[in-house]
Amino acid sequence: MEIKIKMKMNLEDKILTIMEKGATQKIITGLLNASLKNKITRKALINAIERATYRMSLKTYQRPKKVLEERYYMGSALLHSIERLFDTDSISPNCVKALSNIFLGKVFLQGIYTRRVFEEKNGFRPPCFVTISPTNVCNLKCIGCYAGEIYNKQILKFEIFDRVISEIKEQLGAYFFVISGGEPFVYNDNGKTLFDILEKHNDCYFMSYTNGTMIKKDVAKRLAELGNLTPAISVEGFETQTDGRRGNGVFKRIMEVMDDLREEGVPFGISVTPTRYNAEFLLSDEFIDFYFEKKGAFYGWYFQYMPIGRGPSVDLMVTPGQRYRMLKRIWQIVIEKKIFIADFWNSGTASDGCMAGARGGGYFYIMWDGTIAPCVFIPFKDKNLGNIYEIYESGKTITDAIKSPLFEKIREWQNNYWIKRNKNECGNLLVPCIIRDNSIDFYKIVKEVDAIPIDEGAKEYLRFIEEEKIPQYNKKWRELVDPLWQNEYLNE
């Protein structure tokens, strides 16, 4: 027993050293491969990464103790979800390799060090991932979709798609990409598809938000062979809820897709949109048990409805009371069940606040027409550095893009709100989002830098702020969670 404990601690120390001082990918891959031989060593690896990550956070972040604890709980849930995947022995060999060597190795371990090197060179920490929507084409027209205002059908040129990923790897040290849409699996530029990106950039790990209906059996088999993409399949609940938003027959098709992915050994998750009408159900035991136990999803993303996109409506937003109950319920599931589910707005303590504007550890968004936005849910662009085509034509690069005035102002707001404050002055991370939770501050930034709304839904959102609809929502939410933040986080 003493030998096993010593082995575990040595492994933990090795991983912490990698995170603090860096290591070659060869060394990291060797460590991971040696640890993935059987269930005992896999468990030791997961526990070591989990503990080393927490130790690293104590050295890096000046945050209230409960914030660090919730970061730990969320990371622990993710790692244990991966461990459960490995333990089933049903995951395809190439998916195991990609999850271990790329996601755990490059993104989770090596990435921490490489991003610190970027900071020393450029004066700020780089984002750790990027979301790209290479097309707005979709075979469905879901109610309330953030991409649903759309527009004329557009496709990001493959050469640009490819170049963006290459530059992000080389300049930002990021190897994790989220592919959204439109529907990513319909992307086709002169015969080049998403699979060409996955194959060419096989040193990267991808997650794709998808309605799932385009994933036929041959697609599932190809994903198992490539190994470096996990689909996050959109659901609204069960058949009545899903078909009600996405169209008749969609739920049945999604169930078949999940079965095919599980049979081929491709890890998948779910993505849901809580509204005023389904928020409680999406966190019920019935829902959680069905998708995570019966269907085999290993992660879940909760994106509360935002009044942007096609026909934005404040009335579809979850109420402040519903959001408060969701906040409590998600942490209950994460801590007690060790299931990785995260809410883009309610998990602010786990994400270390707003992730927009290419802030350190955060991300930014590139759209089908080359538009560069601070976030998927911030449909505004910089007036001079807001399009990747124009940036490349002027001889600039992706690093120039994330130094735009719009992005810099958002990062300045983040710094003043919580990042560069000590733990007793940290802004309320239960109210993290600049556009949804701090709408007046966001409105001021838009006006100051003359940011450009990218669609009619964005213009309507500005009117919601001017009409006090969103600020009133912000006020009611703060009335619930400001006391919670003060009593449970700051008064530790």
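# Briefing on the predicted model of a 492-residue chain

Of the 492 residues in the protein chain, 60% are buried. The model is a predicted one, and its protein chain holds 18 helices and 13 strands. Among the contacts in the protein chain with a separation of 6 or more, 75% are accounted for by residues 24 or more positions apart. The points below take up aromatic rings, one helix pair, backbone geometry and three buried residues in turn.

**Aromatic rings and charges**

- The count of aromatic pairs comes to 30, a pair being two rings whose centres lie within 6.5 Å.
- In the pair formed by Phe364 and Phe407, the ring centres are 6.1 Å apart and the planes stand at 65 degrees, and because an angle over 60 degrees counts as edge-to-face, the pair is edge-to-face.
- This pair links distant parts of the chain, since Phe364 lies in the loop between β9 (341-343) and β10 (365-366) while Phe407 belongs to helix α15 (residues 405-419), with the two positions 43 residues apart in sequence terms.
- Phe364 is buried, its relative accessible area being 0%, and Phe407 also counts as buried, at 1% relative accessibility.
- One aromatic cluster is formed by Phe103, Phe129, Phe176, Tyr205, Tyr209, Phe303, Phe344, Trp345, Tyr363 and Phe377.
- Trp345, a member of that cluster, has Arg436 lying over its face, at 5.0 Å from the ring centre.
- A further charge is placed over a ring at Phe158, where the charged end of Lys192 sits 5.5 Å from the ring centre.

**Packing of helices α4 and α12**

- Helix α4 (residues 65-88) packs with helix α12 (residues 320-337) at an angle of about 55 degrees, and their axes are 9 Å apart.
- That angle makes α4 oblique to α12, because it falls neither under 35 degrees, as roughly parallel helices would, nor in the range of 65 to 115 degrees that counts as roughly perpendicular.
- The crossing of α4 and α12 is left-handed.
- On the α4 side the residues that meet the partner helix are Glu70, Tyr73, Met74, Ala77 and Arg84, and on the α12 side they are Trp331, Val334, Ile335 and Lys337.

**Backbone geometry in loops**

- The peptide bond that runs from Gly181 to Gly182 is cis, with omega near 10 degrees, and Gly182 is found in the loop between β2 (176-179) and β3 (188-189).
- Asn190 is not a glycine, yet has a positive phi of about 55 degrees; the residue is placed in the loop between β3 and β4 (192-193), and with a relative accessible area of 78% Asn190 is exposed.
- Lys338, again not a glycine, has a positive phi of about 55 degrees; this residue lies in the loop between α12 and β9, and at 32% relative accessibility Lys338 counts as partly exposed.

**Buried residues and their contacts**

- Ile233, in strand β6 (residues 229-234), counts as buried at 0% relative accessibility.
- The C-alpha atoms of Ile233 and Ser271 are separated by 5.7 Å, although the two residues are 38 residues apart along the chain.
- With neighbours within four places in sequence left aside, Ile233 is in contact with Thr210, Asn211, Gly212, Ile254, Val257, Met258, Leu261, Phe268, Gly269, Ile270 and Ser271.
- Asn211, one of the residues in contact with Ile233, is placed in the loop between β5 (205-210) and α8 (217-226), and counts as buried at 4% relative accessibility.
- From C-alpha to C-alpha, Asn211 and Val235 are 7.8 Å apart in space, while in sequence they are 24 residues apart.
- Apart from neighbours within four places in sequence, the contacts of Asn211 are Cys138, Asn139, Leu140, Glu183, Ile233, Arg246 and Ile254.
- Arg115, in helix α5 (residues 93-122), counts as buried at 10% relative accessibility, because the limit for buried residues is under 20%.
- Arg115 and Arg125 are ten residues apart in sequence, and their C-alpha atoms are 6.3 Å apart in space.
- When residues up to four places away in sequence are not counted, Arg115 touches Val107, Pro126, Pro127, Cys128, Leu172 and Gly173.

Conventions: Residues are numbered from 1 along each chain as its sequence is written. This is a predicted model: local features need pLDDT of at least 70, side-chain atom pairs count only at pLDDT 80 or more; totals for chains, interfaces and linings use all residues. Side-chain values use heavy atoms; hydrogens and water are left out. Rings of Phe, Tyr and Trp (its six-membered ring) pair if their centres lie within 6.5 Å; planes under 30 degrees apart count as stacked, over 60 as edge-to-face and the rest as tilted. Helices (H or I, at least four residues) and strands (E, at least two) are DSSP runs, numbered from the N terminus. Buried means under 20% relative accessible area, exposed over 50%, partly exposed in between (1.4 Å probe, protein chains only). A charge sits over a ring if NZ of Lys or CZ of Arg is within 6 Å of the ring centre and within 35 degrees of the ring normal. Axes are lines fitted to C-alpha atoms, for helices over the stretch in contact, and angles run from 0 to 180 degrees between N-to-C directions. Angles under 35 degrees count as roughly parallel, over 145 as roughly antiparallel, 65 to 115 as roughly perpendicular and the rest as oblique. A crossing is left-handed if the near helix is turned anticlockwise from the far one by less than a right angle, and right-handed if clockwise. Contact means heavy atoms within 4.5 Å.
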